[in-house]
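Reader: I have a new structure open at the bench and would love some company while I look through its side-chain contacts. Could you walk me through it?

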Amino acid sequence: MEEELKCPVCGSLFKEPILLPCSHNVCLACARNITVQTPDGETPVQSRASGSSDYDYLDMDKMSLYSETDSGYGSYTPCQLKSPNGVRVFPPAIALRHCSLTCPLCHRSVSLDERGLRGFPRNRLLEAIVARYQQNRAASASSSSSSAVKCQLCDRNPVDATVMCEQCDVYYCNACQQRCHPSRGPLAKHRLVPPRKQAAGGGAASGGGSGGSGSGGVGGGDGQQPPATARKPATCIDHEAENFSMYCYSCKIPVCMKCLQEGKHAKHDVKTLAMMWKQHKCQLSQALNGVSDKAKDAKEFLVQLKNMLQQIQESGVEFEACLVAQCDSLIEALTRQKAKLLTKVTKEKEYKQKVVRDQITHCTMKLRQTTGMMEYCLEVLKENDPSGFLQISDALIKRVISSQDQWVKGALEPKVGPEFDLTLNTDSLLQTILQLDFCQGKDVQEIPFLKQMQAADSDETDMETESPRAVEAGSAVPAAPLLQLEKCCTRDNSATLAWRVTAPPSSAIEGYILELDDGNGGQYREVYVGKETVCTVDGLHFNSSYNARVKAYNAIGVGPYSKTVVLKTSDVAWFTFDPSTAHRDIVLTNDNQTVSCNSYDDRVVLGTAAFSKGIHYWEVCIDRYDNHPDPAFGVARINTMKDMMLGKDDKAWAMYVDNNRSWFMHNNSHTNRAEGGITKGSSVGVLLDLTKHTLTFYINKQQHGPTAFESLEGVFVPAVSLNRNVQVTLLSGLELPKNIKQ
């Protein structure tokens, strides 16, 4: 919960916190430091602070509340400071008549009136929780060095107490508890808890503390605590002598009687403070119940995942032992095959363990965040200050409700199981081992127009996948098909294969099964089952070598595999913009290589290529650039939002840039502002390195800023967002830049 009680500017526990209009808090002293002066007569900031557009704070950041390039007036001084959280800290403003303050969390800005920072309400409820948290932490630290509590019923030489009865307020050792306080009869309902430590200078702690028995709460103190000093009732900001007595439901603020008499809320829905206090407490409690259930499920899920780790380890060891025993029963010719199978099992085990460990790490992080928020909410619910509670209740209720969304269906289900899907049947192989030919020579010629295609030895074929039915049926099943290498080819990340039957079987062929591996020497998977003898496979990885094989089947059974052929996909990606997934306002021309937009709002268009491995680089040339818009360039998932700027959701990683500067954006988070922009004729390059899992941007062949994003995993497609003031043309299939910064 401590993170909930820290100021986003200074990184320390809140001191005299004030509540901003966006429902975030900052220390009063920190608010003075981040307050900046604005030119006389400039007022749009306040209206922007109350607007609903997601682009408000984008414009504020770009303009820095006013232009940095006009008239020499700037807000950044040579003595800028930075807080531990990386927030810029400015020297206190001399006059507050024309000043504004930007929230360090959501970047919403608000202008200060003649009252200055006194115009923001002081969050006394948060201040009280911080004080209680510090007091409990100090008490906990002092009790950790105190002596153990002794049994209060031992006649001579009291021993250390093992339990304390909360109802009797008596400490017992094991013997005295069994003798004087048995867990039966009228004492069965008494609650026995571990004894609290004795304070260094006092007697045994008594009672249940002041914090109740809420889970994880910080309110329960060790020992008797002095009563909290009664806080002065909250007073109206406009009428400092008047206490809050009503709540304006329209404005969502507490008000006093004078505010009502002056007619400020004449046509508003005004309700009593006590009624709204109880109503909001009830809403927060109900929302917390849902989150509490999810947290409980998450804890059980973590236990399940940790147990699964052990099961995977045990299953892997058992499977490896079985595999070794089976392979050792074969002749010396199977030694190399045994090593291959062991490698597959090890990879499968490591993959499963990695997936489970990643799930544990991810779930632990989300659970820690949820638990901290729950503890903070429980402390808020303990407060008896209606106005202070109502100041933060709306935002807190929304946070609690939104936190339930992260525990979506499937989030608490393991992605893999402890069982291994690999099987090995050696019976038929042991019976026919002398009939198997491990030493077939290479008889496949290289294709002139595809020099990367190679013939592979048939002894490299995975013999464990041979169907026993094929061996038992003998010549009755179809013979192995022959791959026609002169008709096999690759284009970009697609491969076309053709085959024919070498000898007609006694029973008619019913179909063929085409299999490809994963492009990295992994397991084979079926990509086609049917009667055709030509098949094109799309969606392969660029710059990868795939092993392909085919077999035929009929009513008798499945025949043997053909010889394996290796197909290498293109080194670089050639692609265009994809009209099938583009927003309806997007206009594509020049064979889908040039894109513009009919709307003043930003719209997204994706590329036709998808990348999951390798290094890829492409550029976008700026054909038209009017009125200084903010086009964005980068990569995205196929299901990213198409009706907003690229990078506003969590499914896109982008750099948006204007004529002066740029920002990196993902999940609506803006980082690494860099000087230097674009004009008509500029080029923006995108370097996606999936070997290092990074994304880097270039402007006019020069790297722009540091590495933008790291730890990229999964499948990505090129993406651009723009409005009607921009037109760009895509350039793909480019070589990697020479000046890559390490």
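Reader: Happy to start with charges. How far apart, N to O, are the side chains of Arg132 and Glu383 in their salt bridge?

Author: Gladly, and please keep in mind that this is a predicted model. A salt bridge here needs a side-chain nitrogen of Lys or Arg within 4 Å of a carboxyl oxygen of Asp or Glu. The side chains of Arg132 and Glu383 meet that rule, with an N to O distance of 3.1 Å.

Reader: Which parts of the chain does that pair tie together, and how many residues apart are they in sequence?

Author: Arg132 belongs to helix H4 (residues 124-143), while Glu383 sits in the loop between helix H8 (335-381) and helix H9 (386-404). The pair therefore ties together parts whose separation in sequence is 251 residues.

Reader: Is Glu383 buried or exposed?

Author: The cut-off for buried is under 20% relative accessible area. Glu383 has 4% relative accessibility, so Glu383 counts as buried.

Reader: Helix H8 came up just now. Which residue of helix H8 meets Glu320 in a salt bridge?

Author: Glu320 is in helix H7 (residues 273-328), and its partner lies 29 residues away in helix H8. The N to O distance of this salt bridge is 3.6 Å. At 12% relative accessibility the partner counts as buried, and its name is Lys349.

Reader: What separates Asp358 and Lys354 along helix H8?

Author: These two side chains also meet in a salt bridge, at 3.1 Å from N to O. Asp358 is partly exposed, with a relative accessible area of 40%. Asp358 and Lys354 are 4 residues apart in helix H8, so what separates them is about one helical turn.

Reader: How many salt bridges does the count come to, and which residues are linked in a network?

Author: Side chains of opposite charge can pair when their charged atoms come close. By the distance rule, the count comes to 21 salt bridges. The network links Glu2, Glu3, Lys6 and Arg137.

Reader: On to the rings, then. Are the planes of Phe542 and Phe611 stacked, edge-to-face or tilted?

Author: The count comes to 11 aromatic pairs, and this is one of them. Planes under 30 degrees apart would be stacked and those over 60 edge-to-face. The ring centres of Phe542 and Phe611 are 5.6 Å apart and the planes are at 50 degrees, so the pair is tilted.

Reader: Where do Phe542 and Phe611 lie, and which residues share their cluster?

Author: Phe542 is in the loop between strand E19 (534-537) and strand E20 (545-554), and Phe611 is in the loop between strand E24 (603-606) and strand E25 (615-625), so the pair ties together parts 69 residues apart in sequence. Both Phe542 and Phe611 are buried. Ring pairs join them into a cluster with Phe575 and Trp618.

Reader: What is the relative accessible area of Phe664, and what is that of Phe709?

Author: Phe664 is in strand E28 (residues 661-666), and Phe709 is in the loop between strand E32 (702-703) and strand E33 (717-722). Their ring centres are 6.2 Å apart with planes at 50 degrees, so this pair is tilted. Each is buried: Phe664 has a relative accessible area of 1%, and Phe709 has 11%.

Reader: One last thing: which residue lies over the face of Tyr524?

Author: A charge can sit over a ring in this model, as the charged end of Lys281 does over Phe389, 5.9 Å from the ring centre. At Tyr524, the distance to the ring centre is 3.8 Å, and the residue is Arg549.

How values were computed. Residues are numbered from 1 along each chain as its sequence is written. This is a predicted model: local features need pLDDT of at least 70, side-chain atom pairs count only at pLDDT 80 or more; totals for chains, interfaces and linings use all residues. Side-chain values use heavy atoms; hydrogens and water are left out. Helices (H or I, at least four residues) and strands (E, at least two) are DSSP runs, numbered from the N terminus. Buried means under 20% relative accessible area, exposed over 50%, partly exposed in between (1.4 Å probe, protein chains only). Rings of Phe, Tyr and Trp (its six-membered ring) pair if their centres lie within 6.5 Å; planes under 30 degrees apart count as stacked, over 60 as edge-to-face and the rest as tilted. A charge sits over a ring if NZ of Lys or CZ of Arg is within 6 Å of the ring centre and within 35 degrees of the ring normal.
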